[in-house]
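This briefing is meant for a reader who has not met the structure before. Please look at the sequence and the model first, and then read on by topic.

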Amino acid sequence: MSRYKIEAFVIRTNRITESSRVLTLYSREMGKVKCVAKGVGRPKSKLGGKVELFNLIEGDLYKKETTELGVLSGAGLLEDFKGISGDARKYGFASAWCEVLDRTSHSEEPHPETFELTFNYFKVLRSAKTESAGLLFWSALLKFLTLEGYGPALDACISCGKPVARDRLLITLQRGGLIGHECVELDEPVVQVTPEALDLLRAMMELPLSKLDEIAIDKRTGKQVAEVILSLASYHLGLPRNLKSFRFIEDLTDSGRLGA
Ligand SMILES: [Zn+2]
């Protein structure tokens, strides 16, 4: 049994008994780890109130190398994200991010850049306008694709390098970038985008999340960039297109759209 000190986000919690939960954490040191938090539901628990969804904690983890499930024996709260949990739309998109981390990462493979991206996304989302929650999520996912080596090339045709006419813009999923229609191969999966969507995708790749909160976009463009990014993430990272959080977001009464 080894002891690890980790800094981690709580990305999933499952109740297993009246007072105990299985937590999925995303840590700086070990990437994704699962652990049991015993007695967390009891009034005097040392873990009480700390191991809530989205919280950043400093935890003491005990774990055998041979088992997947560790035990969290203590935790200190480093940062809470009440500004997220108190807003349904932000909550939905933060949950979607947790699902992305859970679905696309293997246990105990550290990716400090992904940890930092998560921290940055949660911080910006916490104080962002409610309407920006979608754009921030899709931008974070696009930045995640880039970290994983699948950021789309959007300057010229990825096949021949020539400029692409703005009246017929296609993005190839397989080759990951803009492509002229004469260079598309038979049966190559492509997504068509408007010039506005292309410009927005470029901005989302270049600008920090904190600047993207200020961008105003129309629904159609938002929907298009969401479709491109989801298609890329699904194609390259195996991300399911029907995340549970997406259904939650679509069900929100004030706005039934998934777009940015
Ligand atoms: Zn070409």
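How many bridges join strand β6 to β8? In this predicted model, strand β6, made of residues 169-172, is joined to β8 by four bridges, and the two strands run antiparallel. The points below begin with the sheet that holds this pair and then turn to a pair of helices.

**The sheet and the helix across it**
- Strands β7, β6 and β8 form, in that order, an open sheet of three strands with antiparallel pairing.
- At the edges are β7 (177-179) and β8 (190-193), each of which pairs on one side only, and the twist from one strand to the next averages 40 degrees.
- Opposite Gln192 in β8 stands Leu170.
- Helix α7, residues 219-237, lies across β6 and β8 and runs at about 165 degrees to β8.

**Helices α3 and α4**
- The axes of helix α3 (residues 112-127) and helix α4 (residues 133-147) come within 11 Å and cross at roughly 170 degrees, which makes α3 roughly antiparallel to α4.
- Residues of α3 that include Leu117, Tyr121 and Val124 meet residues of α4, among them Leu136, Phe137 and Phe144, and by class the contact has 10 nonpolar, one polar and two charged residues.

**Ala133 in α4**
- Ala133, which lies in helix α4, has a relative accessible area of 0% and is therefore buried.
- Leaving aside residues up to four places away in sequence, Ala133 touches Arg89, Lys90, Phe93, Tyr121 and Leu125.
- Between Ala133 and Leu101 there is a separation of 32 residues in sequence and of 17 Å in space, C-alpha to C-alpha.

Definitions and conventions. Residues numbered from 1 in each chain as written. Predicted model: local features only at pLDDT ≥ 70, side-chain atom pairs only at ≥ 80, totals over all residues. Heavy atoms only, no water. Axes fitted to C-alpha atoms, helices over the stretch in contact; angles between N-to-C directions. Parallel < 35°, antiparallel > 145°, perpendicular 65-115°, else oblique. Contact = heavy atoms within 4.5 Å. Nonpolar A, V, L, I, M, F, W, Y, C, P; charged D, E, K, R; others polar. Buried < 20%, exposed > 50% of the residue type's maximum accessible area, 1.4 Å probe, protein only. Pairing = 2+ DSSP bridges.
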